[in-house]
Amino acid sequence: MSPRRGAFNAPTARAAAALLALTATATAGACATGPSLENQGTVTASPGDSKDLTIGSAGFTESDLLARMYAILLGRAGYRTRILSVTNRELYEPALESGQIDVVPEYAATFADWLNAKANGADAKTVGSPDLDATMKVLRELAAKRGLDVLNPGRAVDQNAYAVSAAYAKKHRLRTLSDLGRAKLPVRLAAGDECVQRPYCAPGLKKTYGIRITSVDPKGVGTTPSKRAVQSGQDQMVVTTTTDGTLAAFGLVILTDDKHLQNADHIVPVVNRSRAGGERVRNALDKLNTVLTTRDLASLNERVDSWRRLPEDIAEDYLRSERLIPAG
């Protein structure tokens, strides 16, 4: 399971203690904070436009890159910005509600399901879907009740993906998951433990595509051991993500999800309405949404994860290459 698709568990005592530390840190650097929104109705106050904005990062490469690009674009729009890395959604989402964090990059379907579980319990029915419009509608409704605005979704999509070795794909003429299903090949799948039960994983591959999953090798989602297992032929397919920038290094290729098993996890900026809900923030971040693609994001991840470049340098280089900020 990738870092942004964690379980919907309530914060532990350790998490609560970390949140206290986050609160102290973030409050010291912010000009003001919004109201506590737990168990309250929709916030209808006018959108705020604080001059000092804290951008949250979930602490993994892709989130760091997005947060840095957000910070640069908002800085160009006249805001003073800083980045705060918080690796647990159970911590950064409440901080986003209260205004201790003002902006965070999120994933549409995953965040919709997270907010729904927070409101209705861990066993709440999934509300994210492969339909982006339907997902965005329910996400915005859930977010509004917590004083959050969800800005326009970008072109980039980071969702679960399934990769095989390039040699295996060539040998069996595989380009899509449907191809693999029709081939009736036995497939040992490198994935996380939860794949056995998750509808988008082994059960979905069997039901939607007719793929013969013989077993799940619990090496994790997109981990180095899981990729090496497929590279060596020990396993035939690995669960990874569409923006994984290291696949080529392992000789792996993604099979297209041609029947749309995966939910619409388009990247969306989420903001605290009372502090960052104005048009200037929306316009600044929309510039990135219109150009950043899934392929672009995978390439940026690769430069950090495989080439060992600094996220801040890669973020700035990309914005310059797309003429979103001046060259030089």
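In this predicted model, the axes of helix α4 (residues 108-120) and helix α5 (residues 132-144) come within 9 Å and cross at roughly 40°. The two helices, α4 and α5, are therefore oblique to each other. The crossing of α4 past α5 is left-handed. On the α4 side, the contact is made by Ala108, Ala109, Phe111, Ala112, Leu115 and Asn116. These meet Thr135, Met136, Val138, Leu139, Leu142 and Ala143 of α5. By class, ten residues of this contact of α4 with α5 are nonpolar, two are polar and none is charged.

A second helix pair was examined in the same terms. Two packed helices are described by the angle between their axes and the distance between the axes. The axes of α2 and α13 come within 9 Å, and they cross at roughly 55°. That angle makes α2 oblique to α13. Here α2 passes α13 in a right-handed crossing. From α2, the residues Leu65, Arg68, Met69, Ile72 and Leu73 take part. They meet Pro311, Glu312, Ile314, Ala315, Glu316, Tyr318 and Leu319 in α13. The contact of α2 with α13 holds nine nonpolar residues, no polar ones and three charged ones.

Helix α2 also carries Tyr70. Tyr70 counts as buried because its relative accessibility is 1%, and the cut-off for buried is under 20%. Which residues is Tyr70 in contact with, leaving aside its neighbours within four places in sequence? They are Ile55, Val103, Val104, Pro105, Ile267, Val268, Pro269, Leu285 and Leu288. Tyr70 and Asp286 are 216 residues apart along the chain, and their C-alpha atoms are separated by 10.0 Å.

Asp286 belongs to helix α11 (residues 279-289). In α11, Val281, Ala284, Leu285, Asp286, Leu288 and Asn289 are buried. The buried residues of α11 pack against several elements. The helices among these partners are α2 (61-76), α10 (273-276) and α13 (311-321). The list also includes β1 (52-57), β3 (103-107) and β10 (267-272). Leu285 and Leu288, both buried in α11, are also contacts of Tyr70.

Pro94 offers a partly exposed site. Its place is in helix α3 (residues 89-98). Pro94 counts as partly exposed because its relative accessibility is 22%, and the buried class lies under 20%. Not counting residues up to four places away in sequence, Pro94 touches Arg89 and Lys118. Lys118 falls within α4 (residues 108-120). The C-alpha atoms of Pro94 and Arg146 are separated by 9.2 Å, with these positions 52 residues apart along the chain.

The structure holds one disulfide. A disulfide is a covalent bond between the sulfur atoms of two cysteines. In this model it joins Cys195 to Cys201, with an S to S distance of 1.9 Å. The angle about the S-S bond is -85°, and the link of Cys195 and Cys201 is left-handed. Are these cysteines buried or exposed? Cys195 is buried, with a relative accessible area of 2%. Cys201 counts as buried at 2% relative accessibility.

The chain as a whole was then considered. The secondary structure of the protein chain comes to 13 helices and ten strands. Of its 328 residues, 52% count as buried. Among contacts in the protein chain with a separation of 6 or more, 77% are between residues 24 or more positions apart.

Methods: Residues numbered from 1 in each chain as written. Predicted model: local features only at pLDDT ≥ 70, side-chain atom pairs only at ≥ 80, totals over all residues. Heavy atoms only, no water. Buried < 20%, exposed > 50% of the residue type's maximum accessible area, 1.4 Å probe, protein only. Helix = DSSP H or I, 4+ residues; strand = E, 2+ residues; numbered from the N terminus. Contact = heavy atoms within 4.5 Å. Axes fitted to C-alpha atoms, helices over the stretch in contact; angles between N-to-C directions. Parallel < 35°, antiparallel > 145°, perpendicular 65-115°, else oblique. Left-handed = near helix turned anticlockwise from the far one by under 90°. Nonpolar A, V, L, I, M, F, W, Y, C, P; charged D, E, K, R; others polar. Disulfide = S-S within 2.5 Å.
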